[in-house]
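Trainee: I'm new to this one and would like a close look at a single part of it. Could you pull it up and walk me through it?

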Amino acid sequence: MNRKVYLDYSATTPMKKEVLEEMMPYFSEKFGNASSIHSFGREAKKALDIARDKIAKAIGADFKEIFFTSGGSEADNWAIKGVAFANRDKGNHIITSKIEHHAVLHVCEYLEKHGFEVTYLDVDEYGVVDLEQLKNSITDKTILISIMFVNNEIGTIQPIKEIAKIAKERGVYFHTDAVQALGNVPIDVNDLGVDLMNFSAHKIYGPKGVGALYIRKGVKIHPHIHGGAQERKKRAGTENIPGIVGFAKAVELAVENLDSHIEHVRKLRDRLIDGVLKNIDYVRLNGHPENRHPGNANFCFEFIEGESLLLSLDMVGIAGSSGSACTSGSLDPSHVLMAIGLSHEIAHGSLRLTVGDFTTEEDIDYTIQQLVKIVDRLRQMSPLYEKVKGGQNNV
């Protein structure tokens, strides 16, 4: 193995040293419980308040609208279940899309078993929801629309502002999973018009095990965890002060460096996409060609299995994925790729490579070089490839 190249930033990111330094005191000398009234508790409570205020300001919210969770999946669960059960007297209909993260889809499936009806919107070949279908799907029983901001697999950015406008005009709450958006696109909750939005610290060079849910003032939502008065009696449990402090620092850095970050990763992403498409045949770029996550490159390679591709890349020190890290153990093709119209055979040959702040041009060039060799070697073992070699691109 010549070198190690990490190209799975959408799965998780390394913690930045500034974040770790900010967290360290809260593991030792500043260890108080934020609910305690003595000086140790007050010190922790002050850190909690400062962190909440930092994150709120970063997205244009009020600090009272930020609620801390254990991560993005918990926040998705809270947003959807909390709104659904709190507004059951108004209706039982929820609208989402076919390409959501499973933290949304599985919650919707759960709610369907408890008397709710769910409409799963189609997407086009790039993974963009159909706004006309959305409008036509809203009924007098619709209480919530949940559409993710940036798709975690193919990187497509949804028209969030337009969706929020439709929801508001019909008196429906709108939730968006912004786990992949924070730190990669500008976010202002008031400009966008969303009612609920969730985030995760470890996607933006912060610690794992901590996230947040933005809940606009006035949204009717049930408490998520009972048993204490934390998070204004909506989410019981002693707060993870070190994690929350680290999350706030990661958000602060992400906002400060947003423009330079986007420029850096977009340049490398485009270098990667161009190199792959120019040097490898029978390959398809998935997701919107322009309106996408600045660091996401998702491909499908015909005549090979994605798992074999991933293992071969790992053997030469390159870390990628075939889609969401939460479904990496599944043998089924990506539900996202199926939703954009790909066949099972082509969807099985998927590869997601995502670049980040620590990626270099040398990393990208090495990856392209190795990918060309690996794809050629794997295809030489495919009888289907031998039959079509030299013909038209079938992807």
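Let's start with one cysteine and go on to the inside of the protein from there: is C300 buried or exposed?

Mentor: Keep in mind that this is a predicted model. C300 is buried, as its relative accessible area is 0%; the cut-off for buried is anything under 20%. C108 counts as buried too, at 0% relative accessibility. With cysteines in view, you may wonder about disulfides. A disulfide is a covalent bond between the sulfur atoms of two cysteines. A search of the whole structure turns up zero of them.

C108 also leads us to another residue, since C108 is among the contacts of T96 once neighbours within four places in sequence are left aside. T96 sits in strand β3, which covers residues 93–97. Its relative accessible area is 0%, so T96 is buried. Besides C108, T96 is in contact with V104 and L105, with the run V118, T119, Y120 and L121, and with S146 and I147.

Now hop over to A201. You'll find A201 in the loop between β7 (196–200) and β8 (211–215). Although A201 is in a loop, A201 counts as buried, with 0% relative accessibility. Not counting residues up to four places away in sequence, A201 touches G206, P207, V210, G211 and F247. Try I244 as well: A201 and I244 are 43 residues apart along the chain, and their C-alpha atoms are separated by 8.5 Å.

Next, the empty space inside. Searching the whole structure gives two cavities of 30 Å³ or more. The largest cavity has a volume of about 190 Å³. It is lined by 20 residues, and the closest to its centre are G183, N184, K203, Y205 and H261. If you sort the lining by type, you get eight nonpolar residues, nine polar ones and three charged ones. Helix α9, residues 241–256, gives the most to this lining, with three residues.

Where does the largest cavity sit with respect to the domains? Domain 1 is made of 5–12 + 258–384, and domain 2 is 17–254. Both give residues to the lining, so the largest cavity lies between them.

If you'd like to trace this on the model yourself, begin at C300, buried at 0%, then look at T96 in strand β3, go on to A201 in its loop, and finish at the cavity between domain 1 and domain 2.

Methods: Residues are numbered from 1 along each chain as its sequence is written. This is a predicted model: local features need pLDDT of at least 70, side-chain atom pairs count only at pLDDT 80 or more; totals for chains, interfaces and linings use all residues. Side-chain values use heavy atoms; hydrogens and water are left out. On a 1 Å grid over the protein atoms alone, a cavity is a set of points where a 1.4 Å probe fits but cannot get out, and a pocket is an open set with protein on both sides within 12 Å along at least five of seven lines; lining residues have an atom within 4 Å of a point. Grid points are joined across faces, edges and corners, and a volume is the space filled by probe spheres set on the points. Helices (H or I, at least four residues) and strands (E, at least two) are DSSP runs, numbered from the N terminus. Ala, Val, Leu, Ile, Met, Phe, Trp, Tyr, Cys and Pro count as nonpolar, Asp, Glu, Lys and Arg as charged, and the others, Gly among them, as polar. Domain bounds come from an automatic or database domain assignment. Buried means under 20% relative accessible area, exposed over 50%, partly exposed in between (1.4 Å probe, protein chains only). Contact means heavy atoms within 4.5 Å. A disulfide is a pair of cysteine sulfur atoms within 2.5 Å.
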